[in-house]
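Trainee: I have a structure open and would like to talk through its nonpolar and aromatic contacts. Could you walk me through them?

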Amino acid sequence: MTTGGNGEEQQGRRLFGVSLTDRPVWQQFLICSSGFFFGYLVNGICEEYVYNRLQFSYGWYFTFVQGFVYLGLIRLQGFTTKQMVNPWRTYVRLSAVLMGSNGLTKGSLAFLNYPAQIMFKSTKVLPVMIMGAFIPGLRRKYPFHEYVSAVMLVIGLILFTLADAQTSPNFSMIGVAMVSSALIMDAFLGNLQEAIFKMNPDTTQMEMLFCSTVVGLPFLAVPMVLTGELTTAWSACSQHLYVYAVLVFEAMATFVGQVSVLSLIALFGAATTAMVTTARKAVTLLLSYLIFTKPMTEQHVTGLLLITMGIVLRLLPEDKEKKGTAERQQAKAQRGEEKRRGDGVEEETSPLV
């Protein structure tokens, strides 16, 4: 498993007071992944309840409320603007993409059922890997086997999701357009976050989440006003105040997940994080079968096997590759040093010729 940067980039990285960078790589990965899985499994349950049980489908407004909960939680963590190491303008593009992705993803549940949405979002890892080659500051290239791993993971989850739907998913062209737009934004999102961490290793997860939320909240006002969702959602939620309790609880859990995701991106890169988020979707669906004792079909088993094979393919070769890459880089550095020394000797002796 490769990390997202060198030792300097990881210096002082912490997650809710727990030091990450003085631990082995596998422990870093396990801690960050556990925080992410916890936060977003709770998030999935709350979204199912609000959108499917209560029929409240106000994605932009719910993202707006979630943003203010984030700001309160970040303040409780002791973060202030005096701790910022990047200018505000660094977060403009990131904030627009983040809020757009969150709002469109939540809003799409009004037009797509949950399995259909997961099926679309499960393809996220592929555009993230492709877009990583074009983001300034990254220009990341991945070996062929990592693309194969991503394809296996995506196909496996799609098979599992389609089996879960039992009947044809409830597709609406509006929902398809919304979740597809969110998918495009996701391709930029993780890579932009990784680029900021890479260009300024002193950037903390709290700073990134705080600044992207503060800068991003005004972006949400435009779609809320244009669609009339602001007044509609306010009126509906005012009549059912317990919805706010669900939203706050969801935001608190998602906050843990978000900070954990940013830690994964900082330490392991956007593509590895996208693999983890895709695997989480499979776990969400699998847990629904364990909790509600649904029947497992051959298509479910096939999907789970492909997911497992994709994850194993991604993880197994990493140590050998990392060692080989380090050896090649060391050999290249030695050759460069020898060349520089040779040039220096030539410059010193040339006046005597």
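Here is our conversation about the cores, the aromatic pairs and a surface patch of this predicted model.

Trainee: Which helix gives the most residues to the largest nonpolar core?
Mentor: Happy to start there! That core has 63 residues, and Phe56, Tyr61, Phe62 and Phe255 touch the most other members. Helices giving two or more residues to this core include H1 (25-53), H7 (173-199) and H10 (242-268). The top contributor, with 15 residues, is H10.

Trainee: How many residues are in the other core, apart from the largest one?
Mentor: Among the members of this other core are Ile118, Met129, Met275 and Ala282. Its residue count is nine.

Trainee: How far apart in sequence are the parts tied together by Trp88 and Phe210?
Mentor: Good one to look at in 3D. The count of aromatic pairs comes to ten. Trp88 and Phe210 form a tilted pair, with 6.2 Å centre to centre and 50 degrees between the planes. Since Trp88 lies in the loop between H2 (59-76) and H3 (92-108) while Phe210 lies in H8 (205-227), the pair ties together parts separated in sequence by 122 residues.

Trainee: Is Phe210 buried or exposed?
Mentor: Let's use its partner for contrast: Trp88 has 38% relative accessibility and counts as partly exposed. Phe210 has a relative accessible area of 16%, and the cut-off for burial is under 20%. Therefore Phe210 is buried.

Trainee: What is the area of the nonpolar surface patch that contains Leu305?
Mentor: Leu305 lies in helix H12, residues 298-315. Together with Val301 and Met309, Leu305 makes a nonpolar surface patch of about 280 Å².

Methods
Residues numbered from 1 in each chain as written. Predicted model: local features only at pLDDT ≥ 70, side-chain atom pairs only at ≥ 80, totals over all residues. Heavy atoms only, no water. Patch = residues over 30% accessible without salt bridge, like charges linked within 9 Å, V, L, I, M, F, W, Y side chains within 5 Å. Areas by Shrake-Rupley, 256 points an atom, 1.4 Å probe, with all protein chains shown as cover. Salt bridge = Lys/Arg side-chain N within 4 Å of Asp/Glu carboxyl O. Helix = DSSP H or I, 4+ residues; strand = E, 2+ residues; numbered from the N terminus. Phe/Tyr/Trp six-rings, centres within 6.5 Å; stacked < 30°, edge-to-face > 60°. Buried < 20%, exposed > 50% of the residue type's maximum accessible area, 1.4 Å probe, protein only. Core = buried A, V, L, I, M, F, W, Y, C linked by side-chain atoms within 4.5 Å.
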